[in-house]
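Here is a short briefing on selected sheets, helix contacts and single residues. Have the structure open as you read.

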Amino acid sequence: MSDEALANLSTEERRFEPPAGLAAGANLTAASYGDAAADRLGFWAMQAERLSWDTRWEEVLDWSDPPFAKWFVGGRLNAAYNCVDRHVEAGAGDKVAFHWVGEPEGDTRDITYAQLMDEVCQAANALTELGIEAGDRVAIYMPMIPETVVAMLACARLGAPHTVVFGGFSADALASRVLDCGAKLIITADGGYRRGAPSALKPAVDEAVAKVEAEQSGLVENVLVVRRTGQDVAFDQNIDVWWHELVAGSSTEHTCESFDAEHPLYVMYTSGTTGKPKGILHTTGGYLVGAAYTHWGIFDLKPDTDVYWCTADVGWVTGHSYTVYGPLANQSTSVMYEGVPDAPHKGRWWEIIEKYKVSIFYTAPTAIRTFMKWGDEIPAKFDMSSLRVLGSVGEPINPEAYVWYRETIGGSRTPVVDTWWQTETGAIMISPLPGVTAAKPGSAMKAIPGIVADVVNDEGESVPDGSGGYLVIKEPWPSMLRTLWGDDERFKDTYWSRFKGMYFAGDGAKKDSDGDLWLLGRVDDVMNVSGHRLSTTEIESALVSHPKVAEAAVVGASDEMTGQSPVAFVILREAAGDGGTDIVKELRDHVAKEIGAIAKPSKIMIVAELPKTRSGKIMRRLLRDVAEHRDIGDVTTLADSTVMDLIGKGMATSSQD
């Protein structure tokens, strides 16, 4: 991947030192890097001591059959006990685990650890009554309500691996996942709320069950339904069971058993790929160690004083690791929000931060860029002085979005932890440390203590500083995926075949002159323009650095002359209006100035919105289809499928610059 073009890309000169007060009492220090490097397995054993083990491990890591790892061999524990019971036993039962905020205003609940334990025990007893035993798989298809967390922990308590399917996915997506992992129970709700109106979920489950039944009769034995909205939904007395009738009437007494550290905890399916979905398998001990350690260290958590909020839906891995398992294992007080950022108004998130005095906030660059588009005056109405650490997750964050986030939301005083990780890694792998790092906007900086990451060339050799290549992980880590559900060969081929003995993340990266890491996105988001390798992420960052631009997506379109050419789709800030008659030339020239003439987009479309999934990720595949004049395929995972109609019409009528 590396060539001289990467070395010539724009250099970020800004640095933000950690606040002195935070640095003085930071959970992870500069010495943590050395401690982990000197004795990596000893370092991970020390992190594992943060959990409660019924049986201590005999061996930290068994790597005798790579790439199949076994961590904390012989150790036994229960994930739900570590997230709930042990805190109640330690006297923290009255502490709030979740400030839950429903989307309709005024619909809130504060749930203490004692209340959460009671509900998890009731749910575990109810699942047992439905015949769920250790090893059985349970699918969860739910909105962002407390019962979703309760269902996950009840499964973990019983040793029944859960697979949470995002509530915005289709019946087909749900059915394929149920079939792949062989789930015998689906937990769902009648519906959830979106922009103040009820949105049904149960009909999609009924359709999915019918599809599953046609493929494998009798697989789904029951559907457990939470009454959230009160909508009228079909109810099959043969398999459907109301949560409020079965769970609420169950005992709050439940003794959990411990499970082997390598016992499966959950399967999370990756989305957006063709063919059979990939079921990422995470196991109990190593995953919980990784989630708890990173949540405590990367966010510098002080559980006695912090209020933490990760905006991710639990249907995604970020919600698993940083809404549920990491925060609860660390006895955090968290915010959990059901709704969207702009209902009933565009300051909803900031209003929640002000009300609950949120001190640690973790969200996605797509959300940050949207807020930038709306303007500074909206967050300015709210007191967010409680914030002390900000986080970014999901994709590389543009430097200008990073600076806006730090200054406008963080009051120019908060460190921003720009985190890189994946569904497969289970936990954060590369990130600044808030009490240590002089952070550079747009750079994930360095692998965190305990992780060994590098950038290599096509031959798998480490590239020098100032060069680009492929991001790899060179040593196993506790929260790594163990395999793909039911498909060990695909696991090896997908992640371990490209570079011998190394995990290949599928992402491109470069090292700057200091050796710090800059993520370039998926390798298929790197264009070859007249022999030069250009990252779509860096062109997007150049566009967003223009004062009129709120958000940009760039794709590489086939070009007879250059092989590929950059095509950009740009959303302007509201204050910029239509940008003026020369806006396209202005933006093309700006990219040339920031990166070089080779990176100038061949075409720029000004659009009102970009195609995004319900999790906020831009679907660049669809934009590439439009740019190359192909028929647009399935758009059911988009939050608003009409966006593509407008972009397609605009592309057809626009002229090449």
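Two strands count as paired if DSSP finds at least two bridges between them. With that in hand, Y362 stands opposite G391 in strand 19. The model is a predicted one. The points below are grouped by topic.

**The seven-stranded sheet**

- This open sheet has 7 strands in the order 5-4-17-16-18-19-20, and its pairing is mixed.
- Its edges are strand 5 (108–112) and strand 20 (416–418), and each of these pairs on one side only.
- On average, neighbouring strands here are turned by 15° against each other, direction ignored.
- Strand 18 (residues 360–363) and strand 19 (residues 389–392) run parallel and are joined by 4 bridges.
- Helix 13 (residues 348–356) packs on this sheet. The helix touches strand 4 (96–101), strand 5, strand 16 (307–310), strand 17 (333–337) and strand 18.
- The direction of helix 13 makes about 155° with that of strand 17.

**The four-stranded sheet**

- A further open sheet consists of 4 strands, ordered 21-22-24-25, with antiparallel pairing.
- Strand 21 (453–456) and strand 25 (517–522) each have a single partner strand, so one side of each lacks a neighbour in the sheet.
- Neighbouring strands of this sheet are turned by 45° against each other on average, direction ignored.
- Strand 21 pairs with strand 22 over 4 bridges, in the antiparallel sense.
- V456 has Y470 as its bridge partner in strand 22.

**Helix 4 against helix 11**

- Two packed helices are described by the angle between their axes and the distance between the axes.
- Helix 4 (residues 40–48) packs with helix 11 (residues 284–298) at an angle of about 85°, and their axes are 9 Å apart.
- Helix 4 is therefore roughly perpendicular to helix 11.
- Helix 4 contributes F43, W44, Q47 and A48 to the contact, while helix 11 contributes V289, Y293 and W296.
- By class, the residues of this contact are 6 nonpolar, 1 polar and no charged.

**Helix 17 against helix 18**

- Helix 17 (residues 536–544) and helix 18 (residues 583–594) have axes that come within 9 Å and cross at roughly 115°.
- The crossing of helix 17 and helix 18 is right-handed.
- On the helix 17 side, I539, A542 and L543 make the contact. They meet L587, H590, V591 and E594 of helix 18.
- This contact of helix 17 with helix 18 divides into 5 nonpolar, 1 polar and 1 charged residues.

**Two charged residues in their settings**

- E147 lies in helix 7 (residues 146–158).
- Is E147 buried or exposed? E147 counts as buried because its relative accessibility is 16%, and the cut-off for buried is under 20%.
- Leaving out residues up to four places away in sequence, E147 touches R109, M142, V226 and W243.
- K474 sits in the loop between strand 22 (468–473) and strand 23 (483–484).
- At 32% relative accessibility, K474 counts as partly exposed.
- Apart from neighbours within four places in sequence, K474 is in contact with V452, D454, V456, S462, G501 and M502.
- V456, one of these contacts, is also the residue whose bridge partner in strand 22 is Y470.
- K474 and L158 are 316 residues apart along the chain, and their C-alpha atoms are separated by 34 Å.

Notes: Residues numbered from 1 in each chain as written. Predicted model: local features only at pLDDT ≥ 70, side-chain atom pairs only at ≥ 80, totals over all residues. Heavy atoms only, no water. Axes fitted to C-alpha atoms, helices over the stretch in contact; angles between N-to-C directions. Helix = DSSP H or I, 4+ residues; strand = E, 2+ residues; numbered from the N terminus. Parallel < 35°, antiparallel > 145°, perpendicular 65-115°, else oblique. Contact = heavy atoms within 4.5 Å. Nonpolar A, V, L, I, M, F, W, Y, C, P; charged D, E, K, R; others polar. Buried < 20%, exposed > 50% of the residue type's maximum accessible area, 1.4 Å probe, protein only. Left-handed = near helix turned anticlockwise from the far one by under 90°.
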